[in-house]
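Trainee: I have this structure open and would like to go through it with you. Can we start with the pockets?
Mentor: Fine, bring it up.

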Amino acid sequence: MSAPVTVRVRMAPSPTGSPHVGLVRTALFNWAFARHHGGTFVFRIEDTDKERSTQESYDSIIDLMHWLGLTWDEGPEVGGPHAPYFQSERGDLYADALARLRASRFAYDCYCTTDEVAARRLESGSKVMGYDGHCRELSEEQVDRFVSEGRQPIARFRMPDGSITWKDLVRGDVTFETQFVPDFALCRANGDPLYTLVNPVDDALMEITHVLRGEDLLSSTPRQLALYEALKELGIAKVTPEFGHLPYVMGEGNKKLSKRDPEAHALAYREDGFLPEGLLNYLALLGWSISGDRDIFSLEEMVEAFDIKDVNPNPARFDIKKAEAINASHMRLLSVDEITHRALPFLKRDGVLTDPVSPADQQLLELAMPFVAERINKLTETSSMLGFLFVPEEEFTVDEADKAKLVDTDDGQAVVQAAYDALARVEPWSAAKISDALTLALVEEMGLKPRVAFGAVRVAVTGRRISPPLFESLELLGRVRSLGRLQTALS
């Protein structure tokens with residue numbers, strides 16, 4: 001009986017733009033797979049695209065991974081036995097692999113131009129896209145002629161005849177006929193290696209055992225499997241990893257979620273006040289579930305239960321409303337102190353609190369947070385909920401639509417006046433006394449329903465229809481400011 005395989009998976013993003021939620025879903029599944037099996041999660045950067053790779057994109061990927069808590073065992077910042085973990089620093093390894101492939105039967109030099117390949121395809125009427133194998137068996141005379149014309153060859157991998165089958169960890173048995181998988185380029189004419197070479201070579205040298213990646217890369221798998229056989233024979237690879245292709249993430253109109261879709265940008269969810277736990281929980285549900293009747297779970301619970309065979313191969317639709325609902329459920333799991341801690345950067349960002357926070361504001365925040373912690377679904381909502389308590393009176397504003405609907409009507413003005421008269425007599429200024437006074441004046445004496453009675457008061461003193469509990473808000477705001485805002489609403 002063979003020894004169990006020590007799991008080694010990798011995440012290999014290209015720093016060429018804003019990180020996509022699909023990248024996060026792939027990273028999460030790889031991370032959970034590694035942690036479930038007690039294996040190694042390798043993080044490397046595929047930055048061979050020199051024109052499109054940017055430091056800004058790399059920084060955003062690292063920032064995102066740290067925010068999400070998807071820690072890696074080998075890679076940038078932590079190092080490891082297979083360093084360097086940037087493809088731009090591994091050129092000698094690729095050059096060696098390319099030279100060994102070129103010297104073997106597995107590759108050949110191709111002198112064709114793109115226009116020549118296209119012209120031959122048009123002439124033959126072939127519907128097979130890609131290279132037609134024209135340079136597979138060149139004579140010495142043909143090579144000499146191409147060289148004399150100053151052509152620089154590229155190396156192409158010689159795909160084997162027949163079919164290639166593998167047992168996909170998500171999709172089961174998959175077969176490709178190699179006649180529909182053309183010989184592929186391994187490098188550019190200037191010798192720079194292409195993704196088709198560097199990705200498998202890195203996986204081989206880093207001893208990756210399982211490759212979990214998006215369905216969009218499924219068609220390239222036969223090429224990689226054939227290349228692995230060559231790399232093993234040349235002593236570059238030890239084993240061929242197992243492959244699992246994760247389902248597409250779909251957006252509106254059942255189209256694949258693209259980088260142009262606003263909901264695709266992963267870091268935007270942090271700016272919008274999502275919890276990392278909430279976002280990861282939702283992304284895990286795009287193709288996997290912990291059980292048939294349960295949507296809310298922790299990362300630790302996911303790791304315990306995760307089995308790649310349970311991933312559904314069918315496309316998963318991204319639903320922002322469900323994502324927000326999942327996040328709200330995770331908000332409910334946090335203590336008031338934890339929500340306060342996490343909301344603080346947003347309160348500072350939005351100008352509700354200064355940095356550093358004054359002792360008086362810190363005390364007021366601690367008093368107010370218990371009244372909103374159960375009401376906010378995202379951290380950004382804290383600012384709109386509590387802003388009325390901290391804003392200087394000369395900067396206090398009221399939502400115009402709410403004001404027009406509830407305060408500026410004849411009925412609204414009557415309610416505000418009655419509330420002002422009742423509250424002016426309250427002593428001491430406490431939520432209980434405020435409640436008694438407003439209930440007596442507006443509900444019992446004016447005969448109003450509470451929703452109607454308190455709506456105008458809420459808008460006048462907090463600036464909006466949605467706020468923390470009214471009586472507690474008035475207590476925290478204080479007598480002078482509360483009466484002042486009611487007076488302003490009457491003028």
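Mentor: Helix 18 supplies the largest share of the lining of the second largest pocket, eight residues. Keep in mind that this is a predicted model.

Trainee: What volume does that second largest pocket have?
Mentor: About 350 Å³. It is lined by 18 residues, and the closest to its centre are Leu406, Arg451, Val452, Gly455 and Ala456.

Trainee: Which elements give two or more residues to that lining?
Mentor: Helix 15 (400-407), helix 16 and helix 18. By class, the lining of the second largest pocket has 10 nonpolar, three polar and five charged residues.

Trainee: And the largest pocket, what is its volume?
Mentor: The largest pocket comes to about 970 Å³. Its lining has 36 residues, with Pro13, Ser14, Leu23, Asp216 and Leu217 the closest to the centre.

Trainee: Which element gives the most to that one?
Mentor: Helix 1, with five residues. At least two residues each come from strand 1 (8-11), helix 1 (21-36), helix 6 and strand 8 (210-214). The lining of the largest pocket divides into 13 nonpolar, 13 polar and 10 charged residues.

Trainee: Is there anything in UniProt for that stretch? What is listed for residues 13-23?
Mentor: An unreviewed UniProt entry lists residues 13-23 as a short sequence motif, the 'HIGH' region. In the model, that stretch is 27% helix and 0% strand, and its end C-alpha atoms are 7 Å apart.

Trainee: Switching to closed spaces. How many cavities of 30 Å³ or more are there?
Mentor: One. The largest cavity holds about 40 Å³ of space, and its lining consists of Phe184, Tyr195, Thr196, Ser220, Arg223, Gln224 and Leu227.

Trainee: Which helices do those come from?
Mentor: Helix 6 (195-205) and helix 7 (221-233) each give two or more residues to the lining of the largest cavity. Helix 7 has the largest share, three residues. By class, that lining is three nonpolar, three polar and one charged.

Trainee: Back to helix 18. Where does it stand in the largest nonpolar core?
Mentor: Helix 18 gives the most to that core, with seven residues. The core has 57 residues, and Leu386, Leu389, Leu423, Leu438 and Leu442 touch the most other members. Other elements that give two or more residues include helix 14 (381-390), helix 17 (431-445) and helix 20 (479-490).

Trainee: Pick Leu438. What is it in contact with?
Mentor: Leaving aside neighbours within four places in sequence, Leu438 is in contact with Ala419, Leu423, Val443, Phe454, Leu470, Phe471 and Leu474. Apart from this core lies another, of 55 residues, among them Trp72, Ala266, Leu267 and Ile308.

Trainee: Why do such groups form at all?
Mentor: In soluble globular proteins, nonpolar side chains tend to be buried together.

Trainee: Last one, Leu334. Is that buried or exposed?
Mentor: Leu334 counts as buried because its relative accessible area is 18%, and the cut-off for buried is under 20%.

Trainee: Where is it in the chain?
Mentor: Leu334 is in the loop between helix 11 (320-332) and helix 12 (336-349). Beyond its neighbours within four places in sequence, Leu334 is in contact with Leu275, Glu277, Ile339 and Arg342.

Trainee: And how many Å separate it from Val249?
Mentor: The C-alpha atoms of Leu334 and Val249 are separated by 29 Å, and the two are 85 residues apart along the chain.

Methods:
Residues numbered from 1 in each chain as written. Predicted model: local features only at pLDDT ≥ 70, side-chain atom pairs only at ≥ 80, totals over all residues. Heavy atoms only, no water. UniProt positions renumbered as here; feature names shortened; annotations may be inferred. Helix = DSSP H or I, 4+ residues; strand = E, 2+ residues; numbered from the N terminus. Buried < 20%, exposed > 50% of the residue type's maximum accessible area, 1.4 Å probe, protein only. Contact = heavy atoms within 4.5 Å. Core = buried A, V, L, I, M, F, W, Y, C linked by side-chain atoms within 4.5 Å. 1 Å grid on protein atoms, 1.4 Å probe; cavity = no way out; pocket = protein on both sides within 12 Å on 5 of 7 lines; lining within 4 Å. Points joined across faces, edges and corners; volume = space filled by probe spheres on them. Nonpolar A, V, L, I, M, F, W, Y, C, P; charged D, E, K, R; others polar.
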